[in-house]
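User: Please go through this model with me in questions and answers, beginning with the term on which the reasoning rests.

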Amino acid sequence: MGNLDANTWIEAEQYYTRLRRRYWRCFLGMPALFVVGALISVFEDKLNRIVRGALLSVFVVGWCAGCVGCLVTWFAIGRFRCPLCGKRFIVAWWGSWPSDRCKHCGLDLGPAARGSAKSPALADLAE
Ligand SMILES: [Zn+2]
């Protein structure tokens with residue numbers, strides 16, 4: 001394993017956390033749009049044609065944006081390289097479910113590691 005300075009670790013941790021947050025926002029935003037879809041279906045007869053069209057547009061555009069956002073972010077997470085070992089952080093032959101630890105060297109980029117000295121970068125900071 002190579003050496004990892006604290007700034008590199010912090011930048012990698014922030015970038016990886018942003019990617020994971022963006023993925024979950026896109027993923028969970030799509031079911032939230034079902035509220036709009038439910039409003040359309042429940043009040044279909046009572047809604048003005050223009051209002052119904054606007055709500056339907058919000059539903060379709062939001063759903064498509066969520067799908068594209070999930071897909072793009074998923075590929076970005078898959079391409080993310082571990083700052084310590086240089087391998088793809090979440091991609092391993094046994095699985096690619098995102099986790100806070102590198103699948104190859106075990107580097108912890110989770111928010112909990114920031115407060116502890118589990119990461120080699122934070123051990124450097126403690127010195
Ligand atoms: Zn690694």
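Analyst: Two residues are in contact if their C-beta atoms, placed from the backbone, lie within 7 Å. The model discussed here is predicted.

User: Leaving aside neighbours within four places in sequence, with which residues is W63 in contact?

Analyst: W63 is found in helix α3. Its C-alpha lies 9.1 Å from that of C26, a residue 37 places away in sequence. Once neighbours within four places in sequence are set aside, the contacts of W63 are M30 and L33.

User: Is W63 buried or partly exposed?

Analyst: A residue needs 20 or more other C-beta atoms within 10 Å to be buried, and 12 or fewer make it exposed. W63 has 17 C-beta neighbours inside 10 Å, and therefore W63 counts as partly exposed.

User: What pattern does the protein chain follow when read along the sequence?

Analyst: The secondary structure comes to five helices and zero strands. Along the sequence, the pattern of the protein chain is therefore made of helical elements alone, in line with the helix definition. Written out, the pattern is α-α-α-α-α.

User: What span does helix α1 reach from its first C-alpha to its last?

Analyst: Helix α1 covers residues 6-32, which is 27 residues. At 1.5 Å a residue, a span of 39 Å is expected. The span in the model is close to that value, at 38 Å.

User: How are α1 and α3 oriented to each other, roughly parallel or roughly antiparallel?

Analyst: Helix α3 comprises residues 49-79, and its axis lies 8 Å from that of α1. The two helices pack at an angle of about 150°. Angles over 145 degrees count as roughly antiparallel, and α1 and α3 are therefore roughly antiparallel.

User: Which residues of α3 make the contact with α1?

Analyst: The crossing of α1 and α3 is left-handed. On the α1 side, the contact is made by L19, R20, R22, Y23, C26, F27, G29 and M30. On the α3 side, the residues are W63, G66, G69, C70, T73, W74, A76 and I77.

User: Which residues of α3 do V36, G37, L39 and I40 in α2 meet?

Analyst: Helix α2 spans residues 34-42, and its axis comes within 9 Å of that of α3, with a crossing at roughly 150°. α2 and α3 are therefore roughly antiparallel, and their crossing is left-handed. The α3 residues met by V36, G37, L39 and I40 are R52, L55, L56, V58 and F59.

User: How many other C-beta atoms lie within 10 Å of Y16?

Analyst: Y16 is found in helix α1, where the buried residues are W9, A12, E13 and Y16. To be buried, a residue needs 20 or more such neighbours. Y16 is buried, and its count is 21.

User: Not counting residues up to four places away in sequence, which residues does Y16 touch?

Analyst: Y16 belongs to the largest nonpolar core, which has twelve residues. Its C-alpha is 7.3 Å from that of I77, although the two are 61 residues apart in sequence. Beyond four places in sequence, Y16 touches F80, F89 and L109.

User: What percentage of the 127 residues in the protein chain is buried?

Analyst: Y16 is among the buried residues, whereas V72, with 13 C-beta neighbours inside 10 Å, counts as partly exposed. For the protein chain of 127 residues, the buried share is 15%.

Terms used: Residues numbered from 1 in each chain as written. Predicted model: local features only at pLDDT ≥ 70, side-chain atom pairs only at ≥ 80, totals over all residues. Helix = DSSP H or I, 4+ residues; strand = E, 2+ residues; numbered from the N terminus. Expected span 1.5 Å × (residues − 1). Core = buried A, V, L, I, M, F, W, Y, C linked by C-beta atoms within 7 Å. Axes fitted to C-alpha atoms, helices over the stretch in contact; angles between N-to-C directions. Parallel < 35°, antiparallel > 145°, perpendicular 65-115°, else oblique. Left-handed = near helix turned anticlockwise from the far one by under 90°.
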